[in-house]
Amino acid sequence: MTSHAETLVRTRGSSRVRRARGQWAAWGFLAPVVIYLLAFYAYPLYRNLDLSLRHYTVRSFVQGNAPFSGADNYRTVFDDPTFGPALLHTLVFTFVSIAFQFAIGLALAVFFTQHFRLSATLRALFLVPWLLPLIVSASTWSWMLNSDSGIVNFFLKGIGLDPVNWLTSPDWALTSVIIANVWIGIPFNLVILYSGLQAIPVDVYEAAALDGASGWQRFWRITFPLLRPVSAITLLLGLVYTLKVFDLIWIMTKGGPTDASTTLATWSYRLSFGNLLPEFGPGAAVGNLLIIIALIFGLLYIRRQRRD
Amino acid sequence: MTFPSVRRGLTAATALTLTACLITACSSDSGGEKTQAATEYTVWDPYPQFDASSDWVKLLTTCGTDAGVTVKRTGYDTTDLTNKALLAAQQDNSPDVLIVDNPVVSTLAEAGVLTTTDEVKTDTSAISPNLLAAGQLGGKTYGVPIGANTLALYYNKKVLDAAKVDPATVKDWASLTAALDKVKAAGKKGITFSAIGTEEGSFQFLPWFWGSGANLTQLDSAQGVAALTLWTDWVKKGLAPNSVLNNTQTTSWQEFATGDFAFSENGTWQLANAKKTGFEYGIIPIPSQAGGTAPAPTGGEFVTAPVQSDTAKYATTQKLIACLTSADNALTTDTTLSYVAATDAVQQKQVAANPELKVWVEAVAAAKGRTSDDLGTKYPKISQPLWTAFQAALSGSKQPQQALTDAQSAAAK
């Protein structure tokens, strides 16, 4: 009886040692990723928060003694006449872009599930916008939409319409960058939704066909509901990508004319780097606002997913 | 039984070493290079287009050898360089010699990044005062211009001949607008420039703004409004294309290079490209409103000496700067960069070698630094409202007067 208890204690002791050793190994394996996360995510985030809460001038940026100023930078940003338009443009840009990208991407994905000749080639062609470096596609759009020598206005003139100042009119600049962004975003939506469609079992469609469901009914009653998890992640990723789109707008319009196509992302860049005298504090504050907006939608997605 | 646990321990150790390597970059050879580093001087410049085989980099190397040190040179994109310099100063890791765009000098000086020419004992007596002014703040000088460029009007001879315009008659705004009208009537395009919403746009607007007699401290003066109205009317009447709103100086040059435009407002640096256009061109100074040459802003870089914790290095830094800006070397550098030299003596040599440069030397003599008049770091806060204003007026969202009134109240904040 006692000996049995002793062995029990001994085994438990040695297993504790082994567990402790195992834990070290586990931490050893974890360390790279933990350090990576700390160095490349946590610290920059902390620095950005710190930047946005201090009153930085170029002098205090170099000497590192910027006084703590609380929410002053945020107040500056909220009071700035650019804030209202920038927020509105960010929301319009994001939601209109996503609506079109998703709708067109889904339509194309459904189209490509019907296997026909050259469908693979065509599908590959649709990926081109995704493969091009953004600076190339944005510059190309900017040439095509040039008021005087652009091919789009040349075409409009050809069919007897008045040319449009795509990039230089305050009424059209935002529309132009949205059009370019939709074009760039379609392949991403197409690829993810297409692979989502592959996962829907064929026999469901066969059963529906036997029951006499029309093509339209099959889409709304089977494809759309069964694709919901994939759609949700596509939309969330698209949202985060689109919120932070900066290069495309910067190359095409620099956020102008005046503020006509300024979004929070381009504004943040302009504050921090787009001027001879950088304003790091307000720039960081705008960046943080963007992070918060993305975070809210991320949390909404997680809540949605838990409920499912 | 022991074997697996040993293996596990080893794996853990490997993982930890790897991690440690990630942090310290696995440097095992960091000790040996100390002696060489003491005589190594770093130089940063905004000329990434030049590689090791270029005259510029060869000059840097020679100057280093003459001063008894090795020069380690890095070329950055000019828009990157300000932030790179600020960050380096924050880490006390500034280069020994920093060559930087002139309007940035006052920002860096304000940040305490640069030494004054007195501290390093650089001689500035030969430099033209109007060029040196861009690097002066509160009575102190923070660098030496390596050369200067500025803006003037290129014209296309064939287009002007076809419209029966003599470029010599373009003396003021009225005669220039009249010339543009004639060109348009002859079926060609008038003038192209860059009115983009960045510093580049302000740079191009300033000759007209200053040429009206306006002052940067009062954007909405009657003269300022006159300058903006001039630009706005050109675009409204089709004498300048709508694309100017989105033009950089490079894209506006490309428009001129098509051969359809009579005039292009552009800089010294396009001279080499002008020869490639395949049509006959000429250059006239930008006229002021009432006649005569308008003061255009100076472009071009300053050679500066950033603050070092080891002040003993300044003696050699001074030798490097003196070498780079000495008459003979400045001539080589300015020819390579297609700049006008910063000293009278070298300017004379340039004109003697290439008479075409005469108009540029005159334009540079009339030019003015953007940060001059002791504006310093106030300039960026004026420039941004200014470009916002001409973007608003040219795109038709505001009248020139309203645009500049709003700009003035934004600049005064």
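Colleague: How many bridges join strand β7 of chain B to β10(B), and do the two run parallel or antiparallel?

Modeller: A good place to start, bearing in mind that this is a predicted model. Strands of a sheet pair through backbone hydrogen bonds, and the pairing can be parallel or antiparallel. Here β7(B), residues 151-156, is joined to β10(B) by four bridges, and the two strands run antiparallel. To find the register on screen, look for B:Leu153, which stands opposite B:Ile284 in β10(B).

Colleague: What is the strand order of the sheet with β7 and β10, and which pairing does it have?

Modeller: The order is β8-β9-β7-β10 in chain B, an open sheet of four strands with mixed pairing. β8 (189-192) and β10 (281-284) of chain B are the edge strands; each has a single partner, so one side of each lacks a neighbour in the sheet. On average, neighbouring strands are turned by 20° against each other, direction ignored.

Colleague: Which strands of the sheet does helix α12 of chain B touch?

Modeller: Helix α12(B), residues 249-257, packs on the sheet and touches β7, β8 and β9 of chain B. Its direction makes about 150° with that of β9(B), residues 261-267.

Colleague: Now a helix pair. At what angle do α10 and α11 of chain B pack?

Modeller: Helix α10(B), residues 199-211, and helix α11(B), residues 222-236, pack at about 130°, with their axes 8 Å apart. An angle between 115 and 145 degrees is neither roughly perpendicular nor roughly antiparallel, and the two helices are therefore oblique to each other. Their crossing is right-handed. On the α10(B) side the contact is made by B:Trp208, B:Phe209 and B:Gly211, and on the α11(B) side by B:Gly224, B:Ala227, B:Leu230 and B:Trp231. By class, that contact has five nonpolar residues, two polar and no charged ones.

Colleague: I also like to check backbone angles. Where does B:Asp92 lie, given its positive phi?

Modeller: B:Asp92 is in the loop between α4 (78-90) and β3 (97-101) of chain B. Its phi is about 55°, although it is not a glycine.

Colleague: Is B:Asp92 buried or exposed?

Modeller: The cut-off for exposed is 12 or fewer C-beta neighbours. B:Asp92 has 10 inside 10 Å, so it counts as exposed. Now turn to A:Lys254, also not a glycine, with a positive phi near 55°. A:Lys254 sits in the loop between α13 (247-252) and α14 (264-273) of chain A. With 26 other C-beta atoms within 10 Å, A:Lys254 is buried.

Notes: Residues are numbered from 1 along each chain as its sequence is written. Chains are lettered from A and ligands numbered from 1 in the order in which they are written. This is a predicted model: local features need pLDDT of at least 70, side-chain atom pairs count only at pLDDT 80 or more; totals for chains, interfaces and linings use all residues. Axes are lines fitted to C-alpha atoms, for helices over the stretch in contact, and angles run from 0 to 180 degrees between N-to-C directions. Angles under 35 degrees count as roughly parallel, over 145 as roughly antiparallel, 65 to 115 as roughly perpendicular and the rest as oblique. A crossing is left-handed if the near helix is turned anticlockwise from the far one by less than a right angle, and right-handed if clockwise. Two residues are in contact if their C-beta atoms, placed from the backbone, lie within 7 Å. Ala, Val, Leu, Ile, Met, Phe, Trp, Tyr, Cys and Pro count as nonpolar, Asp, Glu, Lys and Arg as charged, and the others, Gly among them, as polar. Two strands pair if DSSP finds at least two bridges between them. A residue is buried if 20 or more other C-beta atoms lie within 10 Å of its own, exposed if 12 or fewer, and partly exposed in between; C-beta atoms are placed from the backbone.
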